[in-house]
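The exercises below are meant to be worked with the sequence and the coordinates side by side. Each task is followed by a solution that goes step by step.

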Amino acid sequence: MSITPGQTFGLVRECDRYRSIYYAGASGDFNPIHIDPEVGQAVGLGGVILQGLCTLAWATDAFARFLGDPGLVTGVKARFSKPVRPEDTVRLEGTVTEVAGGVVKAAVSARNQSGEEVLKHVQLTGLEQPPRPVPPAPQMTPQLAQAMDLLWRARSDMGAEVPEPSGPGPGRTSLGRIWGPFRYVVGAEKMREYAVAISGGVPSYASTGLPADLHPVLHDEAAGARSPWGSLIAFPTFAVLFSIAPAQAALLDPAMDVDVFRTLHGEQELEFRELLRPGDVLHTTGTLESHSTRGSNTLFVIRTDSVNQRGQLAVRGRFTAFVRG
């Protein structure tokens, strides 16, 4: 397929009453505002809301389906503007904005059944085709795994002293503060559970079956081996399972002085530099990149870097938190 600027694509997703629970099980995001109606009411959200990262995955999925392969998606950035609630219908409409040098850029609008934007400024990048045949990833030996762990522990131990907060208010600690590294091992079953949960299925798919339109490289080892990627691969935003860990640590860090129940996920950016495969070992660190105030509210940005067992930067992310004053 030849891709040209102006081409459009779309996807419609239903947020059934259990979707936030299914996504929590697949992603590990069990924040009470997503699964407990009483907590959602108590913090002023009017009840349970869907994880913003699930909505972001839907936008990414719309683009991946247009490209024809989830392995071709290389980046996504969006602002979370309005919560998605149980029984909402989200319509995703995308437009190709630029094609140059084999790189495709697109913008996506995401609106609920009332026409309200649930995501803003959605920007996606991808490839027109795989850059070259990719051989199956080598198996990691126990010796290599041990060496990588020792390397990352050494990096953590050698970190510079970070000054204590210089002033009052959430996020008011020194720029450059580091959290991590956090270790995560990618598993094939967890990869499948995540892909199923964002595609309208149930993580316990063994009894309910897979969504009929789920791309084979996300669940079928034989299809993955025949694909240009040479193996099963994870859906791109699967990366949130491990890359979000430093941001979660930052929210709970006393030095940040953050009330987590007044904190919203404002924006998320992810750059996918290496495909994720079963057996990959990721070590993720987070760095406080910026903080600012907007009236009585505070925003802070944590950059996350996830390095795989081969020493390659696999995923870079930016997590923007919005703390209501």
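**Exercise 1. A salt bridge and its surroundings**

Does Glu271 count as buried, partly exposed or exposed, and what is its relative accessibility?

Solution. The model is a predicted one, and side-chain atom pairs are counted in it only at pLDDT 80 or more. Step one is to read the relative accessibility of Glu271, which is 23%. Step two is to compare this value with the cut-offs, buried being under 20% and exposed over 50%, so that Glu271 counts as partly exposed. Step three is to look at its partner: Glu271 forms a salt bridge with Arg273, with the closest N and O atoms 2.9 Å apart, and Arg273, with a relative accessible area of 43%, is likewise partly exposed.

**Exercise 2. Arg318 and the strands around it**

Determine which residues are the bridge partners of Arg318, and with which residue Arg318 forms a salt bridge.

Solution. Begin with the strands: E10 (residues 313-323) runs antiparallel to E7 (residues 263-272), to which nine bridges join it, and E9 (residues 297-307) is joined to E10 by ten bridges, again in an antiparallel arrangement. Next, place Arg318 within these pairings, where it is the bridge partner of Glu269 and also of Arg303. Then turn to the side chain, since side chains of opposite charge can pair when their charged atoms come close. Arg318 forms a salt bridge with Glu289, the closest N and O atoms being 2.8 Å apart. This pair links distant parts of the chain, for Arg318 lies in strand E10 and Glu289 in strand E8 (residues 281-294), 29 residues apart. Finally, check the exposure: Arg318 has a relative accessible area of 22% and is partly exposed, and Glu289, at 32%, counts as partly exposed too. As an addition, the connection between E9 and E10 is a hairpin with five residues between the strands, and Gly311 in its turn has a positive phi of about 80°.

**Exercise 3. A salt bridge between two loops**

Locate Glu116 and Lys82 in the chain, and state how many residues apart they are.

Solution. Start from the contact itself, a salt bridge in which the closest N and O atoms of Glu116 and Lys82 are 3.9 Å apart; it belongs to a structure that holds 17 salt bridges. Glu116 sits in the loop between strand E4 (103-111) and strand E5 (117-127), whereas Lys82 sits in the loop between strand E2 (73-80) and strand E3 (89-100), so the answer is 34 residues apart, and the pair links distant parts of the chain. For the exposure, Glu116 at 33% relative accessibility counts as partly exposed, as does Lys82 at 35%.

**Exercise 4. The two sides of helix H1**

Work out which residues of H1 are buried, and which helices they pack against.

Solution. First, fix the limits of the helix, which covers residues 19-27 and includes Ile21. Second, list the buried residues of H1, namely Arg19, Ser20, Tyr23, Ala24, Ala26 and Ser27. Third, recall that an α-helix has 3.6 residues a turn, so residues three or four places apart point the same way. Fourth, identify the neighbours: the buried residues pack against helix H3 (52-67), helix H5 (188-197) and helix H8 (240-243). Ile21, by contrast, is partly exposed at a relative accessible area of 41%, and together with Tyr18, Phe30 and Ile35 it makes a nonpolar surface patch of about 370 Å². Just after the helix, Gly28 takes a positive phi of about 90°.

**Exercise 5. Aromatic rings**

Describe how the rings of Phe9 and Phe63 are arranged.

Solution. A pair of aromatic rings is described by the distance of the centres and the angle of the planes. The count of such pairs comes to seven. For Phe9 and Phe63 the centres are 5.9 Å apart and the planes stand at 40°, so the pair is tilted. Phe9 belongs to strand E1 (residues 8-14) and Phe63 to helix H3, 54 residues apart, and both residues are buried. Tyr18 and Tyr22 also form a tilted pair, with centres 6.2 Å apart and planes at 45°.

How values were computed:
Residues are numbered from 1 along each chain as its sequence is written. This is a predicted model: local features need pLDDT of at least 70, side-chain atom pairs count only at pLDDT 80 or more; totals for chains, interfaces and linings use all residues. Side-chain values use heavy atoms; hydrogens and water are left out. Patches are made of residues with over 30% relative accessible area and no salt bridge: like charges are joined within 9 Å, nonpolar side chains (Val, Leu, Ile, Met, Phe, Trp, Tyr) within 5 Å. Accessible areas come from the Shrake-Rupley method with a 1.4 Å probe; for residues, only the protein chains shown count as cover. A salt bridge is a side-chain nitrogen of Lys or Arg within 4 Å of a carboxyl oxygen of Asp or Glu. Helices (H or I, at least four residues) and strands (E, at least two) are DSSP runs, numbered from the N terminus. Buried means under 20% relative accessible area, exposed over 50%, partly exposed in between (1.4 Å probe, protein chains only). Contact means heavy atoms within 4.5 Å. Rings of Phe, Tyr and Trp (its six-membered ring) pair if their centres lie within 6.5 Å; planes under 30 degrees apart count as stacked, over 60 as edge-to-face and the rest as tilted. Two strands pair if DSSP finds at least two bridges between them.
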